[in-house]
Amino acid sequence: MECEGNYVKAGRRSKEEKKVFRKQLRASHTLLKHEGIRTTRQPTKSLVVANGGLGNGVSREELSAVLREMGAMENLVMPPHKPFAFVTYRCEEDATNAHTRLNGQKLLCAENSVVLYLSYVNSVTHQKAVAETLPQGLVLVEDFVSPEEEAQLLAAVDWSSAHEDVSGSAQKALKHRRVKHYGFEFRYDNNNVDKDKPLPACLPGECLPVLERCLRDGHINIMPDQLTINQYESGQGIPPHVDTHSAFEDTILSLSLGAKAVMEFRHPDGRVVAVVLPSRSLLVMKGESRYLWTHGITPRKFDLVPACESQSAALASPDVRTQSGLTLSKRGTRTSFTFRKIRHERCRCAFPSACDSQRTTSPSPASPPSLPCCRADAALLEEEYVHRVYDAIASHFSSTRHSPWPHVCQFLNLLAPGSVLADVGCGNGKYLGVNPELVAVGCDRSGALVQICADRGFHAFVSDALSVPLRTASCDACISIAVIHHFSTQERRLAAVRELVRLLKPGGQALVYVWAFEQEYNKQKSKYLKDHNRDSSPTQNSSKKTQEPHGEPDTQRHSYYPAEDKLSVHTNRTAFNSQDLLVPWHLKEGNKQDGKDSSCRLSSRTDPRPGCDSSREATHNPDSKPCSDTSGCSSAPVFHRYYHVFQQGELEQLCSQVAGVKVKSSYHDQGNWCVVLEKDPSLQMI
Ligand SMILES: O=C(O)CCC(=O)C(=O)O
Ligand SMILES: [Fe+2]
Ligand SMILES: [Zn+2]
């Protein structure tokens, strides 16, 4: 292999060339199918660079460095989150040069290494320039403090002392950042402040000049009396939340110091606006942006930001914009000073749907359902306690499901390029893009989740897992991740496996994950259980107590005890004591699917779903723990999902009842039982 710049040249054998050509063709097909991008064999000035996108972890600098070597570039468009980019050269010769020399070449970059496939295009069709505005009431003032003031403010924070330190402030190490409070402690257990228990430490004197400037400039008209300092290392963040209305007055100020980060604002109607917060800038949240939109910082090491730093709009939202100008920006350590004024009376804002002071419905759990006694009953139970719940929590659920599980990725990445994959119960589609060389299609019972997949550019449709409208033997592989445990009878679980097998071609494989009754396996507690311990014991790597649950004290967790034949409501992050149960999901404020739909569903219902026990979030997801930490969510409605958790051997036993398939392997993965099935290769396709 011969190295040139930071890409590596593959051999030039004609067999190799043929392979590259085949792969390039496949990439063109995928671009047409998934993105509507039509490529042409006829040389033009513009090329689409498959695998060279921000979505592949390729930065603008890395890609443009190699493209620039091929000729004079006119434009480079890198649509956010997409696995491709467009380059336009000044002349066709340069484009041809790039095509000849870069096609099939490996690009080594900091985050990834990818093989580029280039094809000519007649026009750069992904140029979406959607004008976008900041949420109403949000103001960003750049360069609000000088570099000297920044240094002074940062030096004023003493992180060395834990808990309530000598200066009388309160400090905590949370899962994704560390925090310090002055004036009043913000309590992450009840998402409020003890208004009659001020901290000995009031705001550090270094803040005064800054706050006086805020008063002078009219950003606030009363001095804040509470300060929360958050420090985020690269890769850390804060979950989306609305600062509790009843805790703080209208205006919230947040000063960004040290490094920039992107803060995402989400409206309940699904709009997302990402705002770049440069260091030394002041963010002012008032009105709608303070009361209705959630704000949060996604934990990651790179942000998508406008390539041109001076871009004043500071917007870097996913559905944006200034088409050509986004790039990846490495996160540094960001320290934010959030100044707030404690509220002493109930909130009377104009956003009752998000207001804990104005919440009129206090949902109380009624009688939980029983296990189904017949088929019709089972379908009804699932409709009520699975389908409707996922529809109602879809956007919040999706926001907690970002990291694909490594073993599932491994399965997907081992499939041959061009394999047809069906993800039955695909949720938000987090597996559909894992291996871009597959032809992946997903289906889910929840229309809201399928919509999220579609918004992400994936192929997905609404379907019940018991009857998937795909042809028999049409798939090389199927996955069913965390789906079959939602069927409430053995007969229906069996039917779900049968349906997966039906879709497989002879020799095709299916990967099935279900939640395990055994959350402790080989003396190892699953992450789901471990996370519970984290709440009540010191963390492994710190002497400080980690306490950032979004919930009430333990005493309130068991809100009711079911009668004998009733399904029990599981206490999150504890061992299971029954195989059939209801698992609470705490919907975060500001994450309702659709204000109209879910709120009327909540208020008109008399069933137990809107029980409000505010206990810890439930998930069997080994890598993400939703609702674990909010700094301001007001108490939110609780939905209950039905689960049948599988005992060891039960999944294999279930699969062995299906003809024409064998269990190739089975394993336990972070509190889940998993099998790989293989359809008998000798079966005829008809
Ligand atoms: O880091 C920030 O700017 C925001 C912090 C925040 O939202 C909070 O502590 O409530
Ligand atoms: Fe906040
Ligand atoms: Zn309010």
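What share of the 686 residues of the protein chain count as buried? In this predicted model, the proportion is 48% of the 686 residues. The chain is folded into 13 helices and 36 strands, and among contacts between residues at least 6 apart in sequence, 74% join residues at least 24 apart. One pair of residues distant along the chain is formed by Leu140 and Pro278, which are 138 residues apart in sequence while their C-alpha atoms are separated by 9.5 Å. Leu140 belongs to strand 10, which spans residues 138-141, and Leu140 counts as buried because it has 21 C-beta neighbours inside 10 Å, where 20 or more are required.

Among the strands of the earlier part of the chain, strand 9 (residues 117-121) has four of its five residues buried, so it is largely enclosed by the rest of the structure. Strand 9 pairs with strand 3 (residues 39-40) in the antiparallel sense, over two bridges, and in this pairing Thr40 has Tyr120 of strand 9 as its bridge partner. Strand 9 is also joined to strand 4 (residues 46-50), again with the strands running antiparallel, by five bridges; here Ser46 stands opposite Val121 of strand 9.

A comparable description applies to strand 15 (residues 226-232), in which six of the seven residues are buried, so that this strand too is largely enclosed by the rest of the structure. Strand 12 (residues 178-182) pairs with strand 15 in the antiparallel sense over five bridges, while seven bridges join strand 15 to strand 24 (residues 334-340), and these two strands likewise run antiparallel. Ile229 of strand 15 takes part in both pairings, since it is the bridge partner of Lys180 and also stands opposite Phe337 in strand 24.

Further along the chain, seven strands form an open sheet of mixed pairing, in the order 27-26-25-28-29-36-35. Strand 27 (460-462) and strand 35 (661-669) stand at the edges of this sheet, and because each has a single partner strand, one side of each is left without a neighbour in the sheet. From one strand to the next, the twist averages 15°. Within the sheet, strand 25 (residues 420-424) and strand 26 (residues 439-444) pair in the parallel sense over five bridges, with Val420 having Val439 of strand 26 as its bridge partner.

Helix 10 (residues 490-503) packs on this sheet, where it touches strand 25, strand 28 (475-481), strand 29 (504-515), strand 35 and strand 36 (672-679), and its direction makes about 150° with that of strand 29. The helix has 14 residues and reaches 20 Å from its first C-alpha to its last, close to the 20 Å expected at 1.5 Å a residue. Its buried residues are Arg493, Ala496, Val497, Glu499, Leu500, Val501, Arg502 and Leu503.

Two loop residues associated with these elements have a positive phi, although most residues other than glycine have a negative phi. Ala482 lies in the loop between strand 28 and helix 10, and its phi is near 60°; Ala482 is buried, with 20 other C-beta atoms within 10 Å. Gln670, placed in the loop between strand 35 and strand 36, has a phi near 45°, and Gln670 is buried as well, with 23 other C-beta atoms within 10 Å.

Helix 7 (residues 375-399) has 25 residues and reaches 33 Å from its first C-alpha to its last, close to the 36 Å expected at 1.5 Å a residue. A bend of about 70° is found in helix 7 at Ile393. Helix 7 packs with helix 9 (residues 447-455) at an angle of about 35°, the axes of the two helices lying 7 Å apart. On the side of helix 7 the contact is made by Tyr390, Asp391, Ala394 and Ser398, and on the side of helix 9 by Gly447, Ala448, Leu449 and Ile452. The residues of this contact divide into five nonpolar, two polar and one charged.

Conventions: Residues are numbered from 1 along each chain as its sequence is written. Chains are lettered from A and ligands numbered from 1 in the order in which they are written. This is a predicted model: local features need pLDDT of at least 70, side-chain atom pairs count only at pLDDT 80 or more; totals for chains, interfaces and linings use all residues. A residue is buried if 20 or more other C-beta atoms lie within 10 Å of its own, exposed if 12 or fewer, and partly exposed in between; C-beta atoms are placed from the backbone. Two strands pair if DSSP finds at least two bridges between them. Axes are lines fitted to C-alpha atoms, for helices over the stretch in contact, and angles run from 0 to 180 degrees between N-to-C directions. Two residues are in contact if their C-beta atoms, placed from the backbone, lie within 7 Å. The expected span of a helix is 1.5 Å times one less than its number of residues. The bend at a residue is the angle between axes fitted to the seven residues ending there and the seven starting there. Ala, Val, Leu, Ile, Met, Phe, Trp, Tyr, Cys and Pro count as nonpolar, Asp, Glu, Lys and Arg as charged, and the others, Gly among them, as polar.
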